[in-house]
Structure formats: C-alpha cells, structure tokens
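The following exercises concern one structure and are each followed by a worked solution. Please work through them with the sequence and the coordinates at hand.

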Amino acid sequence: MTTLVSCTAGNGDKALDVCSDGTHVLYRFGTSGQTPNLELIRSILDVDVTPWSGVGSSIWESVTLHNGAFSYEAFSSVARNPEAPAISGGVDVFEDGSPVASVQCDAGSVQTNIDALFEMREAAGLCYDHSTFAWGACK
C-alpha cells in the first residue's frame, strides 16, 4: 500500500489515513488506535484527484472520495520555502457541495505522497489536461 495522506489530528486523538494499492483508494478516519469511524474504498478511477497547478507559494494536492451526499477531500500542502518547508494536511467534508467540517492535521504528523495517485491513474488509462484542469481518457 502507498500512503497518500496520513496524519493525526486533535493532539493525536484522531487519525486520518488515505492509501492506495494501485487500483483502489482506501480512506480511514477515526479515533487513533481504534477501528475507524469511517472507512471508504473506491476505485482509483472513481476518486477526484487535484494535482498541484504549478503555481503558488505551496505545493497543494488533494484526493476526494464520495459517499452519497458526502465528499471527503483529503489534502496536503508543502510550503515551497527552502528554509522552512512546512508540511500540512487535513480533510474537508462536504454535504451536497457545502462545507460541513474541516479537520487539520497535527503539526509534524503529516505523511504525504498524493502525486503517486496521479501516476496510478495514468497507468489505468486516465490523463490530466492541465489547460482544463480535468481528467479524461488518454488520447
């Protein structure tokens, strides 16, 4: 399994773990050290992946899994400051497109590799068009 985003939140009380085996994405969130409150498994073809656009003061990427009216957008950001490359992350929760919750990762706990999912989706036949910011079948 490849970790896409992993961290603790709430001073270690909560745990976020998003990983992939190359064909599926597994999202888990809940109390640290216990069975997750929420666990979702989706095909890598059925998740939304927002790669870094190439501009800005930080490298920001996200992966979103949908569950009925709810969407869970796990994200990470790395400051491009070479003197202090701070890494942050978290998950934003939406219901029918409206924000309902946001959880920020504890400082120093974030592990990230969302860009690996970009490569997995390309291997599965999807290509990202940087001019339209959309995924589609490779031509």
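**Exercise 1.** Determine how many bridges join strand 3 to strand 4, and describe the turn of their hairpin.

*Solution.* Step 1: strand 3 and strand 4 run antiparallel and are joined by 6 bridges; strands are DSSP E runs of at least two residues, helices are H or I runs of at least four residues, and both are numbered from the N terminus. Two strands count as paired if DSSP finds at least two bridges between them. The model is a predicted one, in which local features need pLDDT of at least 70 and side-chain atom pairs count only at pLDDT 80 or more, while totals for chains, interfaces and linings use all residues. Residues are numbered from 1 along each chain as its sequence is written, and side-chain values use heavy atoms, with hydrogens and water left out.

Step 2: within the pairing, phenylalanine 29 of the hairpin stands opposite leucine 38 in strand 4.

Step 3: the hairpin has 6 residues between the strands, and glycine 33 there takes a positive phi near 80 degrees.

**Exercise 2.** Establish what surrounds serine 32 and whether this residue is buried or exposed.

*Solution.* Step 1: serine 32 is located in the loop between strand 3 (24-31) and strand 4 (38-43). Its relative accessible area of 26% makes serine 32 partly exposed, since buried means under 20%, exposed over 50%, and partly exposed in between (1.4 Å probe, protein chains only).

Step 2: residues up to four places away in sequence aside, serine 32 touches Thr8, Gly12, Asp13, Lys14 and Ala15, contact meaning heavy atoms within 4.5 Å.

Step 3: aspartate 13 is 19 residues from serine 32 in sequence, yet their C-alpha atoms are 5.5 Å apart. The serine 32 side chain also reaches the backbone oxygen of glycine 12 at 2.7 Å.

**Exercise 3.** Give the strand order of the open sheet of 5 strands and explain why one side of strand 4 and of strand 10 is left without a neighbour in the sheet.

*Solution.* Step 1: the order is 4-3-2-1-10, with antiparallel pairing. Strand 4 and strand 10 (111-112) stand at the edges and have a single partner strand each, so one side of each lacks a neighbour in the sheet.

Step 2: strand 1 and strand 2 pair in the antiparallel sense over 7 bridges, and serine 6 has aspartate 17 in strand 2 as its bridge partner.

Step 3: helix 1 packs on the sheet, where it touches strand 1, strand 2 and strand 3, and its direction makes about 150 degrees with that of strand 1 (axes are lines fitted to C-alpha atoms, for helices over the stretch in contact; angles run from 0 to 180 degrees between N-to-C directions).

**Exercise 4.** Identify which element gives the largest share of the largest nonpolar core.

*Solution.* Step 1: this core has 28 residues, and Leu16, Val18, Val25, Tyr27, Val63 and Leu117 have the most contacts inside it. A nonpolar core is a set of buried Ala, Val, Leu, Ile, Met, Phe, Trp, Tyr and Cys residues joined through side-chain atoms within 4.5 Å.

Step 2: helix 1 supplies the largest share, 4 residues.

Step 3: in helix 1 (residues 115-123), the buried residues include Leu117, Phe118 and Met120.

**Exercise 5.** Describe the faces of strand 11 and its pairing with strand 12.

*Solution.* Step 1: Leu126 and Tyr128 form the covered face of strand 11, whereas Cys127 and Asp129 form the uncovered one.

Step 2: strand 11 pairs with strand 12 (residues 134-137) in the antiparallel sense over 4 bridges; cysteine 127 has glycine 136 as its bridge partner in strand 12.

Conventions:
Polar contact = N/O pair within 3.5 Å; in protein donor to acceptor, adjacent residues only side chain to side chain.
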